[in-house]
Amino acid sequence: MPERIATVSRDTSETQITVTVNLDGQGRFNADTGVPFLDHMLDQIARHGLIDLDIVARGDLHIDDHHTVEDIGITLGQAFDKAIGDKRGIRRYGHAYVPLDEALSRVVIDFSGRPGLAMDVEFTRASIGRLDTQLFWEFFQGFVNHARVTLHIDNLKGFNAHHQAETIFKAFGRALRMAVEPDPRMAGQMPSTKGSL
């Protein structure tokens, strides 16, 4: 399988973002987004997805975190879409359940070429640190639209908002890892009866 590494930049009047991903990495993470709790969550994606992830972001944080968080999701999705190529030989589907103390989340992903997000999460707090928990939906919607994936996220249990978020991002990383892994039985075939994704 060819090297699956991509760098994508996004430059708008609101944000300047560069993302580099290596889908066959070792879980290395380097980020400077200006949003500390988001950095913590992005680290979970890298570590549990065994994806090398480098993100540099400058945004209009003097207004709030919205544009920065959403645009990181968009740029990360674009980088995944570019790195994964035509999807021949991958597993395509991934899923994971992840617990953390009282919290439990499930994430299921399909690199289908069709964007779709179903997110059933009721955070018990409106913010974690200074990060508005509504922005997690914006992050994942940006990712889904530009990675062209179908993504289901369900927080099944939990009363600690930090734990809710962390189980979601860890499960997301694990599901990504499963979905993008080469499937030796596919031997370079397209994982679809349509012949393309």
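Select F37, F80, F123, F136, F139, F140, F143, F169 and F172 to begin, and you will have on screen one aromatic cluster of this predicted model. Across the structure, the count of aromatic pairs comes to 9.

From that selection, keep F123 and F136, whose rings form a tilted pair with 5.4 Å from centre to centre and 40 degrees between the planes. Because F123 belongs to the loop between strand 7 (116-120) and strand 8 (127-128) while F136 belongs to helix 3, this pair ties together parts that are 13 residues apart in sequence. F123 counts as buried at 18% relative accessibility, a value under the 20% cut-off, and F136 is likewise buried, with a relative accessible area of 2%.

Move next to F140 and F169, where the ring centres lie 5.0 Å apart and the planes stand at 35 degrees, so that this pair, too, is tilted. The pair links distant parts of the chain, since F140 sits in helix 3 and F169 in helix 4, 29 residues apart. F140 is buried at 0% relative accessibility, and F169 is buried at 1%.

Now show helix 3 (residues 135-147) and helix 4 (residues 161-180) in full: they pack at an angle of about 15 degrees, and their axes are 12 Å apart. The two helices are therefore roughly parallel to each other, and helix 3 passes helix 4 in a left-handed crossing.

Finally, select the residues where they meet, which are F136, F139, F140 and F143 on helix 3 and A165, I168, F169, F172 and L176 on helix 4. Coloured by class, this contact shows 9 nonpolar residues, with no polar and no charged ones.

Key: Residues numbered from 1 in each chain as written. Predicted model: local features only at pLDDT ≥ 70, side-chain atom pairs only at ≥ 80, totals over all residues. Heavy atoms only, no water. Axes fitted to C-alpha atoms, helices over the stretch in contact; angles between N-to-C directions. Helix = DSSP H or I, 4+ residues; strand = E, 2+ residues; numbered from the N terminus. Parallel < 35°, antiparallel > 145°, perpendicular 65-115°, else oblique. Left-handed = near helix turned anticlockwise from the far one by under 90°. Contact = heavy atoms within 4.5 Å. Nonpolar A, V, L, I, M, F, W, Y, C, P; charged D, E, K, R; others polar. Phe/Tyr/Trp six-rings, centres within 6.5 Å; stacked < 30°, edge-to-face > 60°. Buried < 20%, exposed > 50% of the residue type's maximum accessible area, 1.4 Å probe, protein only.
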